[in-house]
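Trainee: I've just opened this one and don't know where to begin. Please take me through it piece by piece.

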Amino acid sequence: MDRYERILTLHRMLKSARRPVPLSRIMDDLSCSRATAYRDIAFLRDALGAPIESDGENAAFHYASGEAERFELPDLWLSSEELQALLALNELVGRTGPGILAGALAPFRSRIDRLLSDQSDGKSFPIERIRVIGYGTRRVDEATFRHVASAVLGRKRLKFDYRARSTNAATQRIVSPQRLTHYRDNWYLDAWDHSRDALRSFALDRIARAELLDAAAEDRGDTELNQHLASSYGIFSGAPKAWAIVRFSPHAARWVADEHWHSQQQGQRLKDGRYELKVPYSNSRELLMDVLKYGADAEIIAPVSLREEMKIMLQLAIGAYQ
């Protein structure tokens with residue numbers, strides 16, 4: 001354990017202790033000698049201003065009553081493992097879109113790199129060994145993302161131009177942002193649409209000319225948001241109209257049984273090795289596309305209307321090759 005981590009461990013130990021911590025326990029937890037323990041205690045107290053008090057008779061230490069809750073270590077004080085995990089998280093967040101967060105995170109990334117280097121005697125970490133590969137990622141304007149994120153977190157209304165992908169119709173919307181959602185490598189804004197007087201989800205890549213307004217956003221309750229935006233399958237919001245039953249071959253079952261399709265999904269392995277999945281859905285389009293990718297290894301059992309939709313899609317697909 002290096003000095004950085006010993007100081008962090010010592011701080012957490014004293015902060016959480018309800019009674020003075022014996023020096024012997026400090027030495028054991030820090031895996032250090034008596035002299036090193038005393039040096040770390042002195043550094044934490046004198047250099048970092050920790051409210052350390054000592055019980056000289058029993059060689060024990062604690063934070064002063066009433067000061068422990070207020071005192072925290074300065075700066076970004078994390079262990080090497082925590083910093084490495086944060087660096088990996090930074091790599092993940094930085095690649096959730098083509099550069100939309102890169103500018104904002106650059107100073108933070110540099111700071112983490114510097115802290116890691118300081119703690120590892122200049123050794124660099126091979127962050128290129130952490131790969132984040134996007135699939136179907138659509139480009140989002142960085143300014144648009146910043147405006148939307150600011151509106152969501154600052155609880156302000158937002159005005160923007162929107163061109164729906166389904167109809168290609170251009171409209172102007174004024175909304176009260178509720179949630180910023182990252183789903184399948186793309187960003188969406190869940191909001192109360194004042195012109196429609198309803199909850200809607202907007203793809204950020206279809207938003208243009210976003211403008212933060214002075215008016216406060218209207219908050220909708222978590223129950224309403226979850227019922228409308230999270231109850232149905234996928235990004236197509238709305239109350240579920242039916243439950244789909246899909247059966248997968250024994251081969252596909254090895255993957256599907258471990259996949260998360262929906263928060264309310266139900267699944268069971270059948271005696272013949274197949275896997276049966278039940279999910280609620282509102283709009284069938286996304287569900288059908290997900291089932292289609294399994295080809296002959298998947299079969300929609302119910303409802304009949306969904307099964308017929310799949311038949312039509314397959315027939316149209318075959319027609320394109322004739």
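Mentor: Let's fix some vocabulary: helices (H or I, at least four residues) and strands (E, at least two) are DSSP runs, numbered from the N terminus. This is a predicted model, in which local features need pLDDT of at least 70 and side-chain atom pairs count only at pLDDT 80 or more, while totals for chains, interfaces and linings use all residues. Residues are numbered from 1 along each chain as its sequence is written, and side-chain values use heavy atoms, with hydrogens and water left out.

Trainee: Got it. How many helices and strands are there in the protein?

Mentor: Start with the chain as a whole: 37% of the 322 residues are buried, meaning under 20% relative accessible area with a 1.4 Å probe and protein chains only, while exposed is over 50% and partly exposed is in between. For contacts with a separation of 6 or more, 61% are between residues 24 or more positions apart, a contact being heavy atoms within 4.5 Å. As for the tally, you'll find 10 helices and 12 strands.

Trainee: Let me pick a residue. Is S31 buried or exposed?

Mentor: Look in the loop between α2 (23–30) and α3 (34–47), where S31 lies. Its phi is near 50°, a positive value in a residue that isn't glycine. The relative accessibility of S31 is 65%, so this residue counts as exposed.

Trainee: And what is the relative accessible area of A59?

Mentor: A59 also has a positive phi near 50° without being glycine. You'll find A59 in the loop between β2 (52–55) and β3 (60–63). A59 counts as partly exposed because its relative accessible area is 27%.

Trainee: Back to those two helices. At roughly what angle do α2 and α3 cross?

Mentor: L23, I26, M27 and L30 of α2 meet R34, A37, Y38, D40 and I41 of α3. Those contact residues divide into seven nonpolar, no polar and two charged; Ala, Val, Leu, Ile, Met, Phe, Trp, Tyr, Cys and Pro count as nonpolar, Asp, Glu, Lys and Arg as charged, and the others, Gly among them, as polar. The helices are roughly perpendicular to each other, a label for 65 to 115 degrees (under 35 is roughly parallel, over 145 roughly antiparallel, the rest oblique). Their axes, lines fitted to C-alpha atoms over the stretch in contact, with angles from 0 to 180 degrees between N-to-C directions, come within 10 Å and cross at roughly 95°.

Trainee: Now the open sheet of five strands. What is its order?

Mentor: Strands pair here if DSSP finds at least two bridges between them; β4 (residues 156–163) and β5 (residues 170–183), for instance, run antiparallel and are joined by six. One spot to find is R163, which stands opposite A170 in β5. The pairing in the sheet is antiparallel, and the order is β7-β6-β5-β4-β8.

Trainee: Which helix lies across β4, β5, β6 and β8?

Mentor: It covers residues 142–154. Its direction is at about 75° to β5. The helix you want is α6.

Trainee: How many salt bridges does a search of the whole structure find?

Mentor: A salt bridge needs a side-chain nitrogen of Lys or Arg within 4 Å of a carboxyl oxygen of Asp or Glu. One of them joins D219 and R155, N to O at 2.5 Å. That pair links distant parts of the chain, 64 residues apart, with D219 in the loop between β8 and α7 (222–230) and R155 in the loop between α6 and β4. The whole structure has 19.

Trainee: With which residue does D205 form a salt bridge?

Mentor: The closest N and O atoms of this pair are 2.5 Å apart, and the partner of D205 is R165. D205 is in the loop between β7 and β8 and R165 in the loop between β4 and β5, so parts 40 residues apart in sequence are tied together. At a relative accessible area of 42%, this partner is partly exposed: R165.

Trainee: Last one. R179 and D222 meet in a salt bridge, so what is the N to O value?

Mentor: R179 is partly exposed, with a relative accessible area of 26%. D222 is exposed, with 53%. Their side chains meet, N to O, at 3.8 Å.
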